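I opened a notebook page for this structure and wrote down each thing as I looked it up.

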Amino acid sequence: MNTAPDPQPWALLPGEPARWYARFDAFRSLGSPRTLEAAYRLCAEHEGLAATRPGAIWYAAAQQWRWAERAAAWDAAERERLRAQEEERRFDSRESRLSMIDRVLGAAFDLLVLADLPHLDQVEARKWAPLARLIFRDMLAAQRLELGAPTPTPVAHDEAPPYTADELAAAARAVQ
């Protein structure tokens, strides 16, 4: 069983002359849409060809060596390569955002532990609690968004239960 990968269609074909492969490569490199005339002009510049248009031999070689088919295969492979590259970039960006969210959540939690909310006086607790709540709410919403979890339906501000520093401190004491 042969496990060698199939050669790429745009690679040099068996029996294909190097000169015609180089010309095909010029044709392929033009990108889509490409024309035989544009490839000829490009090669004529480098090779010093006198004619202004490709002759019958160019059309015959392009047909014999399947230039259009091979160039289309190249285009498809390039599109796939770019799609995979973009997918990898998006994955890396998402992982980076999730890591930042985790770090901010951890830092916010550390701040709450350092603040020692259950043992703060009312004035200090009122100062810390709203900020901590906002940080946690925003980071958890961002985390849900990144993970594709459903976002809770927003509650109108006047319908939201009021969480005061006193209530948070009482809840923290109840947990201990």
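The entries below go from the whole chain to helix pairs, the core and single residues.

**Entry 1: the chain as a whole.** I noted before anything else that this is a predicted model. I looked up the secondary structure and found six helices and zero strands in the protein chain. Read along the sequence, I get α-α-α-α-α-α. I then checked burial: of the 176 residues in the protein chain, 22% are buried. I also looked at contacts with a separation of 6 or more, and residues 24 or more positions apart account for 62% of them.

**Entry 2: α1 against α2.** Two packed helices are described by the angle between their axes and the distance between the axes. I looked up both values for helix α1 (residues 18-29) and helix α2 (residues 36-47). Their axes come within 9 Å and cross at roughly 120°. An angle of 65 to 115 degrees would count as roughly perpendicular, so I entered α1 and α2 as oblique to each other. The crossing of this pair, α1 and α2, is right-handed. On the α1 side I listed Arg19, Arg23, Ala26 and Phe27 as making the contact, and on the α2 side Leu36, Ala39, Leu42, Cys43 and Glu47. Sorted by class, the contact of α1 with α2 has six nonpolar and three charged residues, and no polar ones.

**Entry 3: α2 against α3.** I repeated the lookup for α2 and α3, whose axes come within 11 Å and cross at roughly 115°. I therefore wrote down α2 as roughly perpendicular to α3. The crossing of α2 and α3 is right-handed. From α2, the contact takes Leu36, Glu37, Ala39, Tyr40 and Cys43; from α3, it takes Trp58, Tyr59 and Ala62. The classes in the contact of α2 with α3 are seven nonpolar, no polar and one charged.

**Entry 4: the largest nonpolar core.** In soluble globular proteins, nonpolar side chains tend to be buried together. Which residues of the largest nonpolar core touch the most other members? I found Trp20, Phe24, Phe27, Leu36, Trp58, Trp65 and Trp67, out of 17 residues in that core. I then asked where the core residues come from: α1, α2, α3 (56-64) and α4 (67-115) each supply at least two. The largest share of this core is five residues, from α2.

I followed up one of these, leucine 36. Leaving out residues up to four places away in sequence, leucine 36 touches Phe27, Pro54, Trp58, Tyr59, Ala62 and Trp67.

**Entry 5: charged residues in α4.** I looked up arginine 70, which lies in helix α4. Is arginine 70 buried or exposed? Its relative accessible area is 0%, so I recorded arginine 70 as buried. I then listed its contacts, leaving aside neighbours within four places in sequence. Arginine 70 is in contact with Pro9, Trp10, Ala11, Leu12, Leu13, Glu16, Tyr21, Phe24 and Trp65.

Aspartate 75 is also placed in helix α4. At 14% relative accessibility, I counted aspartate 75 as buried, because the cut-off for buried is under 20%. Not counting residues up to four places away in sequence, aspartate 75 touches Ser32 and Arg34.

**Entry 6: backbone in two loops.** I checked omega at the peptide bond from serine 32 to proline 33 and found the bond to be cis, with omega near -5°. Proline 33 is in the loop between α1 and α2. Serine 32 had already come up in my notes as one of the residues touched by aspartate 75.

In the loop between α3 and α4 I looked up arginine 66. Arginine 66 has a positive phi of about 55°, although it is not a glycine. Its relative accessibility is 35%, so I entered arginine 66 as partly exposed.

Conventions. Residues numbered from 1 in each chain as written. Predicted model: local features only at pLDDT ≥ 70, side-chain atom pairs only at ≥ 80, totals over all residues. Heavy atoms only, no water. Axes fitted to C-alpha atoms, helices over the stretch in contact; angles between N-to-C directions. Helix = DSSP H or I, 4+ residues; strand = E, 2+ residues; numbered from the N terminus. Parallel < 35°, antiparallel > 145°, perpendicular 65-115°, else oblique. Left-handed = near helix turned anticlockwise from the far one by under 90°. Contact = heavy atoms within 4.5 Å. Nonpolar A, V, L, I, M, F, W, Y, C, P; charged D, E, K, R; others polar. Core = buried A, V, L, I, M, F, W, Y, C linked by side-chain atoms within 4.5 Å. Buried < 20%, exposed > 50% of the residue type's maximum accessible area, 1.4 Å probe, protein only.
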